[in-house]
Amino acid sequence: MSLDDNPLASPSDLPFDLPDFTRIRPEHYMPAVRAGLEEELADLDRIATDPEPPTVENVLEAWERAGQLAHRAVTVFYNQSSADSSPELDAIEEELAPLLAAHHDAIYLDERLYARLRTLEARVRAGEVMLDEDQDWLLRTLLRDFVRAGVELDEPAKERLRELNAEISTLEARFGRTLLAEQNDSAVHVTELAELEGLPEDAVAAARQAAADRGLEGYLIELQLPTQQEVLTSLRDRDLRRRVLEASLRRGCRGGEHDTREIVLRLVRLRAERARLLGFQHHADYVAQDSCARTADAVAELLGRLAPAAAANARRDAAILQEALEAELPGETLQPWDWEYLQERVRGERFAVDDALLRPYLELDRVLRHGVFLAANRLYGITFHEREDLVGYHPDVRVFEVREEDGTPLGLFLGDFFTRPSKRGGAWMNNLVDQSHLLGRRAVVVNNLNIPKPPAGQPALLAWDEVITLFHEFGHALHGLFSDVRHPSQSGTEVPRDFVEYPSQVNEMWAWHPEVLASYAVHHVTGEPVPAEWVERKLASRQWGEGQRTTEYLAAAILDQAWHRLAPEEVPTDVEEVEVFEAAALEKAGIKVDLVPPRYRTTYFNHAFGGGYSAAYYSYIWSEVLDAETVEWFVENGGLDRAAGERFRRTLLARGGSIDPMRAFVELRGREPRIEPLLARRGLELA
């Protein structure tokens, strides 16, 4: 196929450079990627061989302009492959992963490019070149990236590094594909309606539709990515609860073609070898060096402080839940599949809260427009206008133009909210176009969720956790949309992993704000507002269940660290040892609570083995320290206040990765972060 006919070959002529998904087909990706990678290497070769002394223009800005075709094609591909995959796209990903790893090595192991950057650094120190703050940060970042990539290694070590990077990238892609197939295969088939007693009507309808979509009679409970499943809060049939949780826990370790354990062990071993080759004790230290934490020991210190207190809270709650079970089933012993159900029941008894009763008041479009968008308007003045003339990569995708208070266009927001077999689990944000003044581009961002899709004509009603997820992911979207930087590599969410979750977690606070809640929590049929006393009870119940939530999260974060603190020779060689290693790691950390499984077990831990969070899942709690501090800051500065929002936007969100992100936080808060607000929020008392 000629590249002249390829819609990825040049920037789209649609508004905001939105990719033209009406024209893009799978066969367009690899030709565009291959041509783009060649073009980028040629661009960088010109930088490396330029006889003129290095300057901002002929090094840094030339670097930022390079590789636009490759970046465009790869960005669009990975967005689609994660949200709407197919066997054809899977095959492309299998081919693409090692190709991109080799391309990265070709750039960051090029001693000529590294020397060019070092010479520019020397000219800056000598006063021959002056850098703005963002340019200085870019130069320092590039130099660090070259060293971390192994440019200073000898040639035999570089060759081994290339081999490691190629295989690691291939295995990460394979893990994600294998897990998606396993997740689809693990869905729980229910034949009798009576077994679904307690499940809300809309959830029953969604299960019926999911079964029909696969040609099955009855109902299909599709699994979400974490261990605990939303349906467990309401299913009264104890045996079905057991089946659902056991199906969740068995993912990836059942043997057969979808077993992920061999991939995990090989990945851990290769990552450990790479870290040692690069001069690090282990992969966890390699990852931490490029984060706000700086060292794996700092991560371990934080997790170690929190784990015993969280486990103690979980065991305290377990005693309460055992009493609740005894009242319902005398003589029975509490099991992990009882936890979510009984926790909601106790919540209802203690606080007169029943989340099932809230669902009719939490209709997706209303929550989006009168909740998520409303809060953004009150804080930042922006408005949202649905563009039905613009098409996403799937029929479910909705496109909104985002405008400033004065009507100036800001960017595009794409919402892809429903689950489907071709979409990986969880929720996430992607950039389709990075904001950049250098390139004259505004941001195009995507939010993906996995809400069960209702049958045609029926409303999509949300569980409370899904409301929070909607606000959370939109926090990432705002980080991308508000980017106001010169260089595309510093745009929006291009910040360390343990900082990137911070703005998104802050945005969750507005789901609870009285004005926002009153606007979106309206009965989808009657139009009646949610009863005020229900809201008060929900607020009062916020800390109930934190023992379990904190414990399951910390258990997963500690597992991630434990695997990635191993030396190559310490990695188990037998897949049967995976569960043994898990249990020992949790026991050693004081976080092993049999009734509270980790949020992700190793075999379906996509963050650690398929995504970009290896040795970095701790990022959520690290970011929450900053988040809890910022919630206090908003309260001190007027709450849902336009001036406060503008300051948060300009001081922190708009700057993306153009400065040290912790410096931006200190500018906002006026001091270094403290852990006390987080402890208060989660009801933790440290020994």
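Buried here means under 20% relative accessible area. With that cut-off in hand, welcome to a quick tour of this predicted model, starting from one helix and moving on to charged side chains. The model holds 83 salt bridges by the rule used here, and three of those pairs get a closer look below.

**Helix α9**

- Helix α9 covers residues 238-249, and its buried residues are R238, L240, R241, V244, L245, A247, S248 and L249.
- Those buried residues pack against two strands, β1 (188-190) and β2 (219-221), and against two helices, α12 (296-328) and α13 (336-351).
- At its N-terminal end, α9 is capped by D237, which places a side-chain oxygen 3.0 Å from the backbone nitrogen of D239.
- The length of α9 checks out nicely: its 12 residues should span 16 Å at 1.5 Å a residue, and the end C-alpha atoms are indeed 16 Å apart.

**Salt bridges between distant parts of the chain**

- As a reminder, side chains of opposite charge can pair when their charged atoms come close.
- E94 and R174 form a salt bridge through their side chains, with N to O at 2.9 Å.
- This pair joins helix α4 (residues 87-108), home of E94, to helix α7 (residues 155-185), home of R174, across 80 residues of chain.
- E94 is partly exposed at 29% relative accessible area, and R174 is partly exposed at 33%.
- R671 and E629 make another salt bridge, in which the closest N and O atoms are 2.5 Å apart.
- Here R671 sits in the loop between α25 (661-669) and α26 (676-682), while E629 belongs to helix α23 (residues 619-636), 42 residues away.
- Are the two partners buried or partly exposed? R671 counts as partly exposed, at 27% relative accessibility, whereas E629 is buried, at 0%.
- R671 and E629 also belong to a network of salt bridges, whose other members are E632, E636, R669, R674 and E676.

**A salt bridge within one helix**

- R650 pairs with E646 in a salt bridge whose closest N and O atoms are 2.8 Å apart.
- Both residues lie in helix α24 (residues 642-651), 4 residues apart, or about one turn of the helix.
- An α-helix has 3.6 residues a turn, so residues three or four places apart point the same way.
- Both partners are partly exposed, R650 with 38% relative accessibility and E646 with 23%.

Methods
Residues are numbered from 1 along each chain as its sequence is written. This is a predicted model: local features need pLDDT of at least 70, side-chain atom pairs count only at pLDDT 80 or more; totals for chains, interfaces and linings use all residues. Side-chain values use heavy atoms; hydrogens and water are left out. A salt bridge is a side-chain nitrogen of Lys or Arg within 4 Å of a carboxyl oxygen of Asp or Glu. Buried means under 20% relative accessible area, exposed over 50%, partly exposed in between (1.4 Å probe, protein chains only). The expected span of a helix is 1.5 Å times one less than its number of residues. Contact means heavy atoms within 4.5 Å. A polar contact is a pair of N or O atoms within 3.5 Å; within protein, one must be able to donate a hydrogen and the other to accept it, and residues adjacent in sequence count only if both atoms are side-chain atoms.
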